[in-house]
There are 2 protein chains.
Amino acid sequence: MAAAALANQVEVLAFDIFGTVADWHGSIVREMRERHPQVDGDAFARAWRAGYKPAMARVASGQLGWTLIDDLHRMILDDILPRFGLAHLGGEEREDLNKVWHRLDPWPDSVAGLERLKRRYILCTLSNGNIGLLTRMAKRAGLPWDCVLSAEVFRAYKPDPATYLGVAKVFDVEPGQVMLVAAHHEDLEGARRCGLRTAYIERPLEFGAAQPKDVSARPANDLHCTSLADLADQLGLG
Amino acid sequence: MAAAALANQVEVLAFDIFGTVADWHGSIVREMRERHPQVDGDAFARAWRAGYKPAMARVASGQLGWTLIDDLHRMILDDILPRFGLAHLGGEEREDLNKVWHRLDPWPDSVAGLERLKRRYILCTLSNGNIGLLTRMAKRAGLPWDCVLSAEVFRAYKPDPATYLGVAKVFDVEPGQVMLVAAHHEDLEGARRCGLRTAYIERPLEFGAAQPKDVSARPANDLHCTSLADLADQLGLG
């Protein structure tokens with residue numbers, strides 16, 4: 001579909017957050033440098049994030065009941081702390097560190113890009129992060145969401161179709177009037193299977209400079225963008 | 001509790017919308033004047049709203065399954081149209097008129113008041129309106145919510161405790177750290193029973209100038225305010 005037709009068809013832009021809008025790796029490295037400078041923050045951030053998909057899988061399979069990301073992050077944190085010589089951290093310190101996910105910094109282009117996109121589209125989050133986490137992150141970072149949607153609303157984690165179709169249902173539009181914006185092909189594929197439009201965002205440094213990510217284009221996506229500013233450009237926004 | 005202590009204890013302000021933040025009566029009168037000037041818009045607006053509580057009650061009792069406000073508004077609309085000589089309206093016209101609830105104007109003090117309150121508090125909606133309705137209303141009117149919460153998220157209508165306690169749960173705070181802001185005593189009473197703080201907002205013209213509302217203070221509320229600007233004043237915001 002031509003870019004102009006696509007820009008007119010879409011009414012809602014739904015954004016993945018961790019890695020797409022927010023720089024989880026850089027933010028965790030920053031906090032670890034302040035709190036525990038003796039720890040390899042780069043490895044720590046990647047270890048924490050690496051526990052994410054297995055934790056999701058345990059919920060999806062029913063092995064674990066419905067659990068908010070805040071609690072999953074804490075379970076993973078408790079699991080990795082000994083490996084980084086931090087087994088001695090007390091409950092309050094752990095809880096506070098766990099909240100780093102509420103304090104993630106946006107990528108440098110995120111706020112300005114979203115502000116341009118907001119002029120024409122309804123902007124919502126569609127993240128596995130819980131509502132409280134997403135709201136506090138947005139308030140701190142100045143992310144101008146029209147609406148905070150989350151796996152918590154649909155009680156299902158992406159890539160469950162209930163999440164993608166849930167966005168269309170909430171706004172009473174066809175799936176093709178919703179575009180998922182994400183830096184992860186698996187997420188975009190899940191959305192596409194439900195009839196949503198998709199925009200891939202290059203985030204080559206998502207896992208840090210030591211582990212650059214393959215961000216080459218895949219033709220299945222409607223748009224391939226280097227940033228949210230580029231997405232706004234491609235959708236014809238001034 | 002002294003105002004300053006209260007201002008510090010509260011972290012989240014949850015707002016009722018219809019009548020408290022938005023002027024449903026004036027907005028419906030305005031649209032009816034444009035669309036159907038022969039109809040008594042004042043009586044029409046009140047008739048439409050009068051169907052609201054009975055419709056809620058049917059859902060609460062289980063007589064009607066879970067139904068979004070958009071659909072309840074449409075059922076009531078279909079019911080009242082003949083009484084106002086509008087039985088001839090087609091499906092598309094009815095659907096478009098029904099969406100007036102997405103286009104409600106805020107009270108004149110709402111946007112500026114919320115912007116002041118947003119500097120210190122997390123601002124969320126807590127309305128029986130559905131998420132899509134609340135989001136579109138906010139986007140059109142410029143209401144700066146941090147988060148759109150709704151009966152739709154909790155699958156229960158106010159004054160069900162699941163809604164008030166749901167806000168505290170979403171933000172992982174004690175009920176006493178949430179304050180409900182509303183122009184309706186029944187709503188505030190429901191919140192108070194769950195341990196929330198309460199602020200009453202005077203909206204004497206909620207039902208139009210022909211039917212002024214008793215807005216006298218009741219001592220059970222923590223705060224009694226003439227407007228959202230007054231609420232910001234009382235909470236010590238500049």
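Me: Buried means under 20% relative accessible area, exposed over 50%, and partly exposed in between (1.4 Å probe, protein chains only). Why, then, is A:Arg35 called partly exposed?

Reply: The relative accessible area of A:Arg35 is 30%, which lies between the two cut-offs, so the residue is partly exposed. The model is predicted: local features need pLDDT of at least 70 and side-chain atom pairs count only at pLDDT 80 or more, whereas totals for chains, interfaces and linings use all residues. Residues are numbered from 1 along each chain as its sequence is written, chains are lettered from A and ligands numbered from 1 in the order in which they are written, and side-chain values use heavy atoms, with hydrogens and water left out.

Me: What makes the pair of A:Arg35 and A:Asp96 a salt bridge?

Reply: The term requires a side-chain nitrogen of Lys or Arg within 4 Å of a carboxyl oxygen of Asp or Glu. The closest N and O atoms of A:Arg35 and A:Asp96 are 3.0 Å apart, so the pair satisfies the rule. Its partners belong to distant parts of the chain, 61 residues apart: A:Arg35 is in helix H2 (residues 24-35) and A:Asp96 in helix H6 (residues 91-98) of chain A. Helices (H or I, at least four residues) and strands (E, at least two) are DSSP runs, numbered from the N terminus. A:Asp96, at 38% relative accessibility, is partly exposed.

Me: Which residues are joined with this pair into one network by shared partners?

Reply: A further salt bridge must be introduced before the network is named. A:Asp105 and A:Arg140 approach to 3.1 Å between N and O. A:Asp105 lies in the loop between H6 and helix H7 (110-118), and A:Arg140 in helix H8 (residues 131-141), 35 residues apart. The accessibility is 24% for A:Asp105 and 43% for A:Arg140; both residues therefore count as partly exposed. Salt bridges that share partners join A:Arg30, A:Glu31, A:Arg35, A:Asp96, A:Arg103, A:Asp105 and A:Arg140.

Me: Are A:Glu206 and A:Lys213, which also meet in a salt bridge, buried or exposed?

Reply: Both A:Glu206 and A:Lys213 are buried, and their side chains come to 2.7 Å, N to O. Over all chains, the structure holds 46 salt bridges.

Me: Why is A:Ser150 called buried?

Reply: A:Ser150 has 0% relative accessibility, which is under the cut-off for buried, and is therefore buried. The residue stands in strand S3 (residues 147-150) of chain A. Contact means heavy atoms within 4.5 Å; leaving aside neighbours within four places in sequence, A:Ser150 is in contact with A:Ser127, A:Gly129, A:Asn130, A:Ile131 and A:Leu134. The side chain of A:Ser150 has a polar atom 2.7 Å from the backbone oxygen of A:Gly129 and reaches the backbone nitrogen of A:Glu152 at 2.8 Å.

Me: How do you know that A:Arg155 is exposed?

Reply: At 57%, the relative accessibility of A:Arg155 is over the cut-off for exposed, so the term applies. A:Arg155 is found in the loop between H9 and H10 of chain A, and its phi is near 50 degrees, a positive value in a residue other than glycine. Also in a loop between H9 and H10, which is given as helix H10 (161-170), is A:Pro159; a cis peptide bond with omega of about 5 degrees joins A:Lys158 to A:Pro159.

Me: What makes the relation of chain B to chain A that of a two-fold axis?

Reply: A turn of 180 degrees with a shift of 0.0 Å along the axis lays chain B on chain A with an RMSD of 0.0 Å. That is the relation of a two-fold axis. The same surface serves both copies, since 100% of the contact residues of chain B recur in chain A.

Me: How many residues of each chain are in contact, and how much area is buried?

Reply: In contact are 20 residues of chain B and 20 residues of chain A. The area buried between the chains is about 1700 Å², with 54% given by carbon and sulfur atoms. Three residues, B:Arg136, B:Lys139 and B:Val170, supply 32% of what chain B buries against chain A, more than any other three. Buried area is the accessible area (1.4 Å probe) that two parts lose on being put together, summed over both.

Me: What makes A:Lys139 and B:Asp146 a salt bridge?

Reply: Their side chains meet at 2.7 Å, N to O, which is within the limit, so the pair qualifies. The rule finds 4 salt bridges across this interface.

Conventions
Least-squares fit on C-alpha atoms with pLDDT ≥ 70 in both. Polar contact = N/O pair within 3.5 Å; in protein donor to acceptor, adjacent residues only side chain to side chain.
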